[in-house]
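Student: Please take a close look at one part of this model. I would like to know where enclosed space is left and what surrounds it.

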Amino acid sequence: MLGSVAAFTLAPQAHALEAPSSAPEIDEYPYTIADEPWPSLLGNHRVHVYADKPGTAVWAHLPWRRTDNNPEQKAILVYDEHGTEVLNVATPRLEDECGDVVFEAKQPGSFFVYYLPHADIKSHHSALGPKGQYRKPLNRADASWTGKYGSASQRTMQALPKVRVIAFQARTALDSFYPMLVPATRSEVQQLCQKYPRPVLLFPEDREHPIQMDDRLPLRWIQRGPENHFASTVLRG
């Protein structure tokens, strides 16, 4: 089998979304593999962010494009670049397309936000680490800090120092979501429909990019657009 083709019938009028202004604003961040795998209980996915200066509370806006259900029911863990866990952490918004995390940065530098940490359940361990269970949210922040930042509004967050997103990282190459499990946002799909007003759009892929999502479009297809032809250099057999 040389590849596969996905054909999607798109009906943008069925979604009550705000009309886009012009070209889609796509968050472009590197998807990388860790130089060395981190401890498996922290999960297989993290965001590398950077705080330019320390702060009692800093704001990380994370366009993580998640495909898992109920992200608000999974813990968010933050560690500094020395491997010390940050306990003063709040998550005012956790959604599939993006999340907002507020945390204490006692010093400037790199921080790592783990967003699918595994539960410590031995029965779910395998040779590659824990499988199937994720850690539930657990608030271990100082009560006074939580009272001030635990339910921060959008206006409050925007007034905080904002950390920079450096990259989305996978623990190993086998864990990586990129590129076929990185979904487009609803707004990006709507703009694709408006750019290509056809009843059916075709997206051919070779075997190096197997189609893995049957309910969402990969961001790769938004960036590339539909295609009417497919060509490749192949080996006999």
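Tutor: In what follows, Ala, Val, Leu, Ile, Met, Phe, Trp, Tyr, Cys and Pro count as nonpolar, Asp, Glu, Lys and Arg as charged, and the others, Gly among them, as polar. The model is predicted, so that local features need pLDDT of at least 70 and side-chain atom pairs count only at pLDDT 80 or more, while totals for chains, interfaces and linings use all residues. Residues are numbered from 1 along each chain as its sequence is written, and side-chain values use heavy atoms, with hydrogens and water left out.

The part to examine is the largest cavity. A cavity is a set of points, on a 1 Å grid over the protein atoms alone, where a 1.4 Å probe fits but cannot get out; its lining residues have an atom within 4 Å of a point. Grid points are joined across faces, edges and corners, and the volume is the space filled by probe spheres set on the points. Three cavities of 30 Å³ or more are present in the structure, and the largest has a volume of about 70 Å³.

Its lining consists of Tyr-31, Thr-32, His-45, Arg-46, Tyr-115, Phe-168, Gln-169, Ala-170, Ser-176, Phe-177 and Tyr-178. By class, six of these lining residues are nonpolar, four are polar and one is charged. Strands and helices are numbered here from the N terminus as DSSP runs (E, at least two residues, for strands; H or I, at least four, for helices). Strand 2, strand 3 and strand 12 each give two or more residues to the lining of the largest cavity. Strand 12 contributes the most, with three residues.

The pairing of these strands connects the parts of the wall. Two strands pair if DSSP finds at least two bridges between them. Strand 2 (residues 31–33) runs parallel to strand 12 and pairs with it over three bridges. One of these links places two lining residues opposite each other: Tyr-31 has Phe-168 of strand 12 as its bridge partner, and both residues line the largest cavity. Strand 3 and strand 12 are antiparallel and are joined by six bridges, with Val-165 of strand 12 as the bridge partner of Val-49. Five of the seven residues of strand 12 are buried, leaving the strand mostly covered; buried means under 20% relative accessible area, exposed over 50% and partly exposed in between, with a 1.4 Å probe and protein chains only.

The three strands belong to an open sheet of six, in the order 2-12-3-9-5-6, with mixed pairing. Strand 2 and strand 6 (85–86) stand at its edges with a single partner strand each, so one side of each has no neighbour in the sheet. At the far end of this order, strand 5 (residues 77–80) and strand 6 pair in the antiparallel sense over two bridges, and Val-78 is bridged to Val-86.

Strand 3 (45–51) and strand 12 (164–170) also give two or more residues each to the largest nonpolar core. Such a core is a set of buried Ala, Val, Leu, Ile, Met, Phe, Trp, Tyr and Cys residues joined through side-chain atoms within 4.5 Å. This core has 22 residues, and Val-49 and Val-78 are among those with the most contacts inside it.

Two further features adjoin the wall. Tyr-178, a lining residue of the largest cavity, is joined to Pro-179 by a cis peptide bond with omega of about -5°. Pro-179 itself lies in the loop between strand 12 and helix 3. Tyr-115 and Phe-177, also in the lining of the largest cavity, reappear in the lining of the second largest cavity.

That second cavity has a volume of about 50 Å³. Trp-64, Arg-65, Arg-66, Thr-67, Asp-68, Leu-116 and Leu-181 are likewise in its lining. Its lining has five nonpolar, one polar and three charged residues. Arg-65, in the loop between strand 4 and strand 5, has a positive phi, near 50°, although it is not glycine. Most residues other than glycine have a negative phi, and most peptide bonds are trans. With a relative accessibility of 5%, Arg-65 counts as buried. Asn-70 lies in that loop between strand 4 and strand 5 and also has a phi near 50°, but it is partly exposed, at 39% relative accessible area.

Conventions: On a 1 Å grid over the protein atoms alone, a cavity is a set of points where a 1.4 Å probe fits but cannot get out, and a pocket is an open set with protein on both sides within 12 Å along at least five of seven lines; lining residues have an atom within 4 Å of a point.
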